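This report walks through a structure one topic at a time. Keep the sequence and the 3D view open as you read.

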Amino acid sequence: MSIKHQNEKFEFPKSPTGIEGLDEITDGGFPKGRPTLICGGAGCGKTLLAMQFIIRGITDHNEPGVFMSFEEPSDDLTLNVKSLGFDLEKLKKDKKLIVDHVRVERSEIEEAGEYDLDGLFVRLGYAIDTIGAKRVVLDTIESLFSGLSNQAILRAELRRLFHWLKQKGVTAIITGERGEATLTRQGLEEYVSDCVIILDHRVIEQVSTRRLRIVKYRGSTHGTNEYPFLIDQDGISVLPITSLKLDNEVSQDIVSTGVPGLDSMFERGGFYRGSNILVSGTAGTAKTTIASYFADEQCRKKEKTVYFAFEESPQQLIRNMKSIGIDLEPHVKKGYLQIHSSRPSLNGLELHLLTLRKLIKDFKPTTVIIDPISNLITVGSEHEVRSMLVRLIDMLKLNNITALFTSLNKTNESTRPDLSEESVSSLVDTWLTVRDLEGIGERNRGIYIIKSRGMGHSNQVREFVITGKGVKLMEVEFGPNGILTGTARRTNELKSKTSKMKLQSELERKDREIARKRKVLEANIEALRNEFESVEEELNVLKATEQLQKKVADEKNDIKARKK
Amino acid sequence: MKTKVAEWQLLLYIAGQTPKSIKALSNIKKYAEEHLAGKYSIEIIDLLVSPQLAEGDQILAVPTLVRKFPEPIRKIIGDLSNEERVLVGLNIKPLK
C-alpha cells in the first residue's frame, strides 16, 4: 500500500484563510483542525485577521464559524467590520456565524474554592454544535487572566481547551497580546504550538508598516520572511516580497515611445511590450513630458494606461501638457487614461503597491507610468524601496504591462546613477537619461540611451527642444569638436549657410567677369578685323592703281607701235 | 405564593454531577440555612442539559453561584469551600 502511494504527494490538510497573500505564504492556509496562535501588539489587526478568516470561511468555503470575543461586545464587532464590507448580521441570521461575547469582570466575580472552565467549554461546544462550525476564533483569550486570579487553574484549563478544540476537529485561531519576553503575555505559545504567527506594527520615520511573520508551522513549509500587510477597505492583504521565479512570458511586440524621433534611436523602433523603462534626469529635463508623450501615444492606440503622478494633480498635469501640445483630457474622458495623484507620504510603500495591484486587477491597464519613482524614497529606506520596487516590477512583468518610471537625479554633475536609480537600474530593461548639456551660458536638453536590453540602440546624445507644438529631437549636427547643441548648433548652421552664400556670389562674380572678358575679346577681334580689312582695302586700291597705270602704259606702247 | 418572592435568589450553575458541583451545592445549602434561613431560594442549572443558558449570565467557570437578587448581581466561582469568601461575596454578614 505504502509503496503504491509513495508517488502521491502528501498534502498537509489546510484551511484556506481567504486572505489575499496569506494563503500563498502559508502554502494553503492554516493547519486544518488545529489551533493557530496569532499574536501581536495593540492595533496590529489580530481581531480583523481572525474575523476575516471566519467570514471568508463562511462565504468562500461554506464553513460556519464561531467567533468568541473576550474583548469587544458582539454589536461593536459587527459595527467595526461593517466598514470593511462584512455583514455579520446577515451571516448570523443565516445560521452560519455565532458571535459570543464573553465578559469577564473581576469586580463581579469572587473566587471561593476549586473550579474549572467547563462553563466556557459548554458555551463553545454549544455554539459549535448549533451551526456545525468548522472554524473557531478565541479573541483574546488572555483576557481571562485579568478576570480570574487562579493562574494554575487557568493554565491547566487552557491546555485542556486547546486539546479539546483539536479533538473537536475545528480550525481555531487564538489571538494573544504580545508580551515582553515571550510571544504572548501569558505564554500561550506553550500550549498552541502547531502554528504561530506574529503581527507587528512599526513606525519608521512617521510612516507605519504592518508586518506578518510565520514563526512556526508544524508539518508544513512556509515563507519565513516578514511580509508587509495592509488593512484597507477590503480587509487584510499580505504582500509577498518577491515572486518566487522569474519566468514571466516575454513579448516580441514593440510599443512606440510617442516622442517623434526617439523611436529611431532604437533599432526596432520602440520599447518591447511588457518591459520596464526608466527615464532619469535632473530637475527640469522634461521627464514628465516624455512620460506624457508615452501615455498619449498608448492612449491613441486605445491601450489602457494608468498614470501615477506623485508631483502634480491630474488637472495640473493635463494643463501643463496642453501647453506643449499634448491633450490628455479626451483620453481621460474616454476612459483610456487614469491619472492617480497622491503625495508619496500619504501612505506607506505597501499601500501604494496595493493601490497599483488593485488597479491592475480592476482596470487591466497595458501601460503604467510612475512619475517619479524617486519620490517614493522619501517614504521608506532605500532597502524598503528597493524591495517594493522589486515586487512592483515583478507584478508588472507578470501581467505583461509596459511600465515607464521617471526618476529624479539629485546631483547635476554625474551622469552615473543616483540612489534611486541604483536601486532600480538593474531591474529595468531600458534606461533613458535626459540631461542638461551646459555650455557657453545656456542650457540644452539632451537625451540618450544608457541601456536597452535585447535591442540595438543609438549611442548619440540627441538634443531635443520643447516648443508649443511639443518635443522635437534635433538632427545630429557634427562640429569640429563633436556634436553641437544649442547656440553652437545655430552658429554652426549660420556659418555654413553664409559660407555657402559667399561661394555662390563669388561664382556669380567670376561668371560675370568672364562674360565681360569675352565681350572685350570679341571687341578686340572686331577691331583687328576692321584694321585688317582697311589694310587689305588699301592694298587693293594700290594694286588697282598699279594695274591701271600698267594698262595705260601698255596702251601708250600700242599706239606708239601702230604709229610706226 | 407570587407575592412572596424569596428575598435571596441564588442560582447555581453546574456542568454535570461532578464532585465539585456536589460539594458546591452542599456548601451553599449549608451557608444558606445558617444565615438566610427561610428567605432564600436556590435554583440549580445544569449546563450539560441546557447549555444555551450559559451565555445569559456570562458563565465561564463552573461551579458558579450567582446572586440574582438582591441586586447587584454577584458571582462566586469555585466549590464554595471557603465560607468566608462566599459570605463576603454574597454580602451576607455573618451572625457570629
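## The shared sheet

What is the order of the five strands in the open sheet? The order is 6(A)-4(B)-3(B)-1(B)-2(B), and the pairing is mixed. Bear in mind that this is a predicted model.

Two strands sit at the edges: strand 6 (109–111) of chain A and strand 2 (40–46) of chain B. Each of these edge strands pairs on one side only. On average, neighbouring strands in the sheet are turned by 20 degrees against each other, with direction ignored.

## Where the chains pair

In which sense do strand 6 of chain A and strand 4 of chain B pair? They pair in the parallel sense, over three bridges. One residue pair to find in the view is A:Glu111 with B:Ile77, its bridge partner in strand 4 of chain B.

## Pairing inside chain B

Strand 1 (residues 8–14) and strand 3 (residues 64–69) of chain B pair in the antiparallel sense. Five bridges join this pair of strands. B:Leu11 stands opposite B:Val66, which belongs to strand 3 of chain B.

## Helix across the sheet

Which strands does helix 2 (residues 83–90) of chain B lie across? The helix lies across strand 6 of chain A, along with strand 3 and strand 4 (74–77) of chain B. Against strand 4 of chain B, helix 2 of chain B runs at about 165 degrees.

## Chain B as a whole

Chain B holds two helices and four strands. Along the sequence they follow the pattern β-α-β-β-β-α. The pattern therefore starts with a strand and ends with a helix, by the DSSP runs used here.

How much of chain B is buried? Of its 96 residues, 36% are buried. Now take the contacts in chain B between residues at least 6 apart in sequence. Of these, 64% join residues at least 24 apart.

## The contact between the chains

How many residues does each chain bring to the contact? Chain A brings 21 residues and chain B brings 30 residues.

On the side of chain A that touches chain B, strand 6 and helix 6 (118–131) of chain A are the elements that give two or more residues. Helix 6 of chain A gives the most, with seven residues. By class, this side of chain A has nine nonpolar, three polar and nine charged residues.

Strand 6 of chain A thus appears in several places above. It is an edge strand of the sheet. Strand 6 of chain A also pairs with strand 4 of chain B, and helix 2 of chain B lies across it.

Key: Residues numbered from 1 in each chain as written. Chains lettered and ligands numbered in written order. Predicted model: local features only at pLDDT ≥ 70, side-chain atom pairs only at ≥ 80, totals over all residues. Pairing = 2+ DSSP bridges. Axes fitted to C-alpha atoms, helices over the stretch in contact; angles between N-to-C directions. Contact = placed C-beta atoms within 7 Å. Buried ≥ 20, exposed ≤ 12 C-beta atoms within 10 Å, placed from the backbone. Nonpolar A, V, L, I, M, F, W, Y, C, P; charged D, E, K, R; others polar.
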